[in-house]
Amino acid sequence: MLKRKASSFIKKWMDSKEKKCLVVQGARQTGKTFIIERFAEENYEELLEINFKQMPSAKEIFAGDLTVEAMIMAMRFRFPEKKIIPGKTLIFLDEIQECEEAITSLKFWAIDQGYDVIASGSLLGVDYKRASSYPVGYVDYLSMHGLDFEEFLWGIGFSEDMVGNLYSFLTSKSVIPEAIHSQLMNYYRKYIVIGGMPEAVQKYVDTKDFREVDRVQRSLLQGYLFDIAHYATAEEKVKAEKCYLSLGKQLLDKENHKFQYKEVEHGGRAQKYYSSIEWLLRADMVQLSRLVTDVRFDLSDYARDDFFRAYTTDLSLLMAMRDFSLKQHVAENTLAGTSKGGIYECAIADALYKNGYSLYFYKNETNHREIDVIIQKDGKVLPIEVKSGNTRASSLKALMKNHEDIAYAYKFVDGNIGESEDGIITLPLYMAAFI
């Protein structure tokens with residue numbers, strides 16, 4: 001049974017006094033339904049679950065008056081076996097994007113304060129099609145992603161205390177004992193191969209067989225392609241699929257990881273494909289890292305919308321786009337060249353994205369300086385370099401020298417913790433999960 005950080009968030013929501021409805025968002029197969037059902041089992045006497053895709057006729061409950069009294073009455077007639085007791089029953093409205101009236105009803109549940117209500121749905125429906133329907137001020141949001149590396153370690157048997165000890169190495173900048181560090185790097189490479197999609201992680205936990213994991217990953221990718229075909233407009237279907245499937249080549253086969261439309265189609269241009277990237281972004285199928293023209297706070301003021309890198313929202317999906325041999329090379333640490341640097345950059349971007357950071361990068365064609373990833377932490381700009389070995393970060397050093405307002409930078413490497421005099425902190429690749 002995979003433990004997720006989302007459980008702690010939902011517990012805080014349940015215990016809050018002025019409770020709004022909770023909307024759990026996220027792409028398909030990230031574990032939304034499972035985590036809510038599991039939480040209800042452990043914290044409530046009863047769960048009333050309505051899945052509007054599975055049970056479209058249940059929309060009738062919300063077809064009349066949207067008073068809490070009227071909705072509870074309709075639920076009791078529809079589900080006579082359920083007692084539906086305030087404070088003891090969790091009402092779970094799953095795939096809520098399929099019932100616009102149920103979305104509207106969240107306002108009245110929140111005002112009434114008598115019942116705990118959680119809604120869930122994929123961003124393909126909720127945010128892309130009907131984001132404006134959500135009652136502003138009456139809902140709290142929780143975004144669900146695949147497992148991060150910390151949750152992966154829990155899943156394969158590490159205790160929270162063991163994993164929590166890694167934070168002490170990060171805060172003290174002390175070298176991790178080699179016996180621990182080497183094992184963590186081995187587990188991190190396995191995590192990169194498996195990704196964080198719950199079904200893929202569970203398959204590895206159950207079988208320890210990367211071939212079985214590969215089958216799960218490819219099935220998940222097919223599911224995402226089906227969602228493009230199902231939700232995208234007729235004009236976007238083929239274009240969005242081409243853009244999405246190009247990510248493996250864009251990120252792992254080229255030195256320059258800027259998204260290039262010519263890699264989607266010979267002669268491809270932004271005019272034809274940018275709307276498809278926007279669709280994938282709003283559908284939570286990709287995350288973007290945007291080029292900034294200057295490395296200053298606030299980075300969003302210097303970001304360009306037309307120059308970006310596009311990453312999958314989980315490594316499971318990226319790995320499914322490539323041949324199985326890539327997994328073997330990563331797991332055995334025999335990967336070399338462009339692909340090695342590319343996969344590690346994707347892993348760092350994945351970790352930072354799952355921790356809630358917006359991603360940027362910097363590239364100056366004149367002086368050939370490039371910073372792989374830039375985030376904002378505690379109101380400060382934090383530049384990051386990603387190295388497949390432990391080589392020098394000349395661009396990062398030059399940036400630090402010319403920007404006295406940047407207090408420190410991170411260099412993630414296939415190596416141990418260290419700190420140089422110029423403010424560049426060297427960290428193992430897996431430490432990105434703890435930033």
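In which helix does Lys340 lie? The model examined here is predicted. In this model, Lys340 belongs to helix α16, which covers residues 338–354. Lys340 is buried, yet no salt bridge is assigned to this residue. Its nearest side chain of opposite charge is that of Asp414, at 4.3 Å. A salt bridge requires a side-chain nitrogen within 4 Å of a carboxyl oxygen, so the 4.3 Å separation from Asp414 does not qualify. Asp414 is nevertheless among the residues that Lys340 touches. The other contacts of Lys340 are Asn333, Leu335 and Ser388, with residues up to four places away in sequence left out of the count.

Helix α16 also carries Asp350. Asp350 counts as buried, at 2% relative accessibility. Its contacts are Tyr191, Gln287, Thr313, Asp314 and Leu315, again without residues up to four places away in sequence. One of these contacts, Asp314, is itself an aspartate.

Salt bridges were then examined across the structure. How many salt bridges does the structure hold? The total is 26. Three of them are described below.

Glu150 pairs with Lys5 in a salt bridge, with the closest N and O atoms 2.8 Å apart. Glu150 sits in helix α6 (residues 149–155), whereas Lys5 sits in the segment before α1, so the bridge ties together parts 145 residues apart in sequence. The partners are not equally accessible: Glu150 is buried, with a relative accessible area of 6%, while Lys5 is partly exposed, at 29%.

Asp227 forms a salt bridge with Arg28, and here the closest N and O atoms are 2.5 Å apart. This pair links distant parts of the chain, 199 residues apart. Asp227 is in helix α10 (residues 210–231). Arg28 is in the loop between β1 (21–26) and α2. Asp227 counts as buried, at 5% relative accessibility. Arg28 is partly exposed, with a relative accessible area of 24%.

Arg309 and Glu370 meet through their side chains in a salt bridge, at 2.3 Å from N to O. This pair joins two strands: Arg309 lies in β7 (residues 303–312) and Glu370 in β9 (residues 369–377), so parts 61 residues apart in sequence are tied together. Arg309 is buried, with a relative accessible area of 1%. Glu370 is partly exposed, at 23%. Elsewhere, salt bridges with shared partners join Lys5, Asp148 and Glu150 into one network.

Helix packing was considered next. How do the axes of helices α1 and α2 cross, and at roughly what angle? The axes of α1 (residues 6–15) and α2 (residues 32–43) come within 11 Å and cross at roughly 55°. At that angle, α1 is oblique to α2. The crossing of α1 past α2 is right-handed. On the α1 side, the contact is made by Ala6, Ser7, Ile10, Lys11 and Met14. On the α2 side, Ile35, Phe39 and Asn43 take part.

Definitions and conventions: Residues numbered from 1 in each chain as written. Predicted model: local features only at pLDDT ≥ 70, side-chain atom pairs only at ≥ 80, totals over all residues. Heavy atoms only, no water. Helix = DSSP H or I, 4+ residues; strand = E, 2+ residues; numbered from the N terminus. Buried < 20%, exposed > 50% of the residue type's maximum accessible area, 1.4 Å probe, protein only. Lys, Arg positive; Asp, Glu negative; His and termini not counted. Contact = heavy atoms within 4.5 Å. Axes fitted to C-alpha atoms, helices over the stretch in contact; angles between N-to-C directions. Parallel < 35°, antiparallel > 145°, perpendicular 65-115°, else oblique. Left-handed = near helix turned anticlockwise from the far one by under 90°.
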